Amino acid sequence: MDRIRIVGGKQLIGSIPISGAKNAALPLMIASLLTEDTLVLENVPRLADVGLLQRILLNHGVDVMLSGKRPGDAPYDGQTVKISASNIVDTTAPYELVSKMRASFWVLAPLVARMGQAKVSLPGGCAIGTRPVDLLIMALRQLGAKIDIDGGYVLAYAPNGLRGGEINFPKVTVGGTHTALMAASLASGTTVIENAAREPEIVDLADCLNKMGAKITGAGASRIVIEGVSKLNGARHAVLPDRIETGTYAMAVAMTGGDVLLEGGRAELLQSALDTIEQAGAKISVTNKGIRVSRNGAGIAPVDVTTEPFPGFPTDLQAQLIALMTCAKGTSRITETIFENRFMHVQELARLGAQIALDGQTATIAGVEKLKGAPVMATDLRASVSLVIAALAAEGETMVNRVYHLDRGFERLEDKLVACGATVERISG
Ligand code: UD1
């Protein structure tokens, strides 16, 4: 298993290209199941999760073609993926594949919408608490699917196709909204989604579906209306930049000090996080090339933050913010409201000398003068990167073990940091 060795204490100076968003690329790839034609996705990040989803799609008989580097491509240019689901040979997504990545459960909606049936294993995925799928199932039932759960599998039937309906989510759910959008696009009649998730990745999926011929209005607001169509076409769509990667590197710069341009980052995708980072003492400016983050001299100021659905502070940046606050001049409070068990990084940060007390869903962080390097273990994707941020500022050497979690969501993390002057090295084996 690979490890990452970091020697802390260097400021980050330079520029970091922001990759396409993992959380948009995965549902977009899954949307290819809705059409017989080819869906061409550009700016797809080179990540382990993309490779895994490719395997899952291959299992359904989908052709996936990844373009290699072309002359003139910059080292970080995203890849173009051509996906053709002209012939779906198997509507089952087996446990062995779905258990490796939670998002693959979302194949349920396009498969039942287009093929009239699907059998998909209940998911596994990140170890961040119970992550139910009841609302995804509720959404499909509202559109007329008959659903049974048997032997760890969800079996969905709609032999005569789905029909439009009212879907009122009792809780904001990104996965539920993706499911509803994909299913309703091919249902007969009108679907109204109330209390829809407003995340940028939802808007990106709706944009792509509309290019494929869907009739979706209101994506980005809480009420989305979908006029079902009988068939969707191919399309070409570029994945939006990764707001979580952008926020992560912005916090890394706030942590170490320095000056970095986050190339291609879009401020409107993470305004609440940028506001928090500014409040913590970093300077943020938006240019036509991206977002520039710097911190000179002044220390890190404490903040009180609660995670919320978009446009609030994202749960996917909670671990990174805790890492940043470990060195604040004062006490911070960070409350997690989306997932009930998303504090695994706290114990590992404590190994670096952080002072964090947990009380239910709130972490109280008493800033310390300095962190000190130590061996630590990555536990989930965002927790892992919080350890990297802390290690970049810690005195001495930190070895982050089990970095396969990082490879699921951060493209060439060590290269991007090294280019800004950090001492980071991957040790294979
Ligand atoms: C969530 C985050 C998303 C993040 C992703 C990966 C929110 C609203 N969603 O999306 O930003 O990128 O994790 O970390 O911040 N729920 C149910 N039943 C369901 C589905 C969800 O009760 O059927 C609950 C979940 O337990 C959770 C909340 O609804 O408390 C939001 O879940 P959801 O948005 O669906 O999760 P993801 O799609 O994984």
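In the predicted model, helix H8 is largely enclosed by the rest of the structure, because 14 of its 14 residues are buried. The helix covers residues 243-256, and the distance from its first C-alpha to its last is 20 Å, close to the 20 Å expected at 1.5 Å a residue. At the N-terminal end, H8 is capped by Asp242, a side-chain oxygen of which lies 2.8 Å from the backbone nitrogen of Ile244. Just after the helix, Gly257 adopts a positive phi of about 80°.

An open sheet of 4 strands, arranged in the order S4-S5-S3-S14, shows mixed pairing. Strand S4 (63-66) and strand S14 (235-238) occupy the edges, and since each has a single partner strand, one side of each is left without a neighbour in the sheet. From one strand to the next, the twist averages 15°. Strand S4 and strand S5 (residues 79-84) run antiparallel and are joined by 4 bridges, with Val64 standing opposite Ile83 in S5. Helix H1 (residues 22-31) packs on this sheet, where it touches strand S3 (38-44), S5 and S14, and its direction makes about 170° with that of S3. Helix H7 (residues 200-211) likewise packs on the sheet, touching S3 and S14, and its direction makes about 160° with that of S14.

The pairing of S3 with S14 is parallel and extends over 4 bridges, and within this pair Val40 stands opposite Arg236 in S14. In a regular strand the side chains alternate between the two faces of the sheet. Such alternation is found along S14, where Ala235 and His237 point to one face and are buried, while Arg236 and Ala238 point to the other and are not buried. Ala238, which lies in strand S14, has a relative accessible area of 39% and is therefore partly exposed, a class that lies between the limits of 20% and 50%. When its neighbours within four places in sequence are left aside, Ala238 is in contact with Glu42 and Asp204. A further spatial relation links Ala238 with Ala25, since the C-alpha atoms of these residues are separated by 9.1 Å although the two are 213 residues apart along the chain.

Helix H7 has 12 residues, which at 1.5 Å a residue should span 16 Å, and its end C-alpha atoms are 17 Å apart, in agreement with that expectation. The buried residues of H7 are Pro200, Glu201, Ile202, Asp204, Leu205, Ala206, Cys208 and Leu209. One of these, Asp204, is also a contact partner of Ala238, and another, Cys208, counts as buried because its relative accessibility is 0%, under the 20% limit. The helix is followed by Gly213, whose phi is positive, near 110°.

The structure holds 0 disulfides. Cys420 is accordingly in no disulfide, and the nearest cysteine sulfur, that of Cys327, is 20 Å away, whereas a disulfide would require a pair of cysteine sulfur atoms within 2.5 Å. With a relative accessibility of 3%, Cys420 counts as buried. Glu414, placed in helix H14 (residues 413-418), also counts as buried, at 12% relative accessibility. Apart from its neighbours within four places in sequence, Glu414 is in contact with Ile4, Val424 and Arg426.

Another open sheet is formed by 4 strands in the order S18-S19-S21-S20, and its pairing is mixed. At its edges stand strand S18 (304-306) and strand S20 (355-359), each of which has a single partner strand, so that one side of each is left without a neighbour in the sheet. With direction ignored, neighbouring strands of this sheet are turned by 15° against each other on average. Strand S19 (residues 331-335) and strand S21 (residues 362-366) run antiparallel and are joined by 5 bridges, and Thr331 stands opposite Ala366 in S21.

Note on methods:
Residues are numbered from 1 along each chain as its sequence is written. This is a predicted model: local features need pLDDT of at least 70, side-chain atom pairs count only at pLDDT 80 or more; totals for chains, interfaces and linings use all residues. Side-chain values use heavy atoms; hydrogens and water are left out. Two strands pair if DSSP finds at least two bridges between them. Helices (H or I, at least four residues) and strands (E, at least two) are DSSP runs, numbered from the N terminus. Axes are lines fitted to C-alpha atoms, for helices over the stretch in contact, and angles run from 0 to 180 degrees between N-to-C directions. Contact means heavy atoms within 4.5 Å. Buried means under 20% relative accessible area, exposed over 50%, partly exposed in between (1.4 Å probe, protein chains only). The expected span of a helix is 1.5 Å times one less than its number of residues. A polar contact is a pair of N or O atoms within 3.5 Å; within protein, one must be able to donate a hydrogen and the other to accept it, and residues adjacent in sequence count only if both atoms are side-chain atoms.
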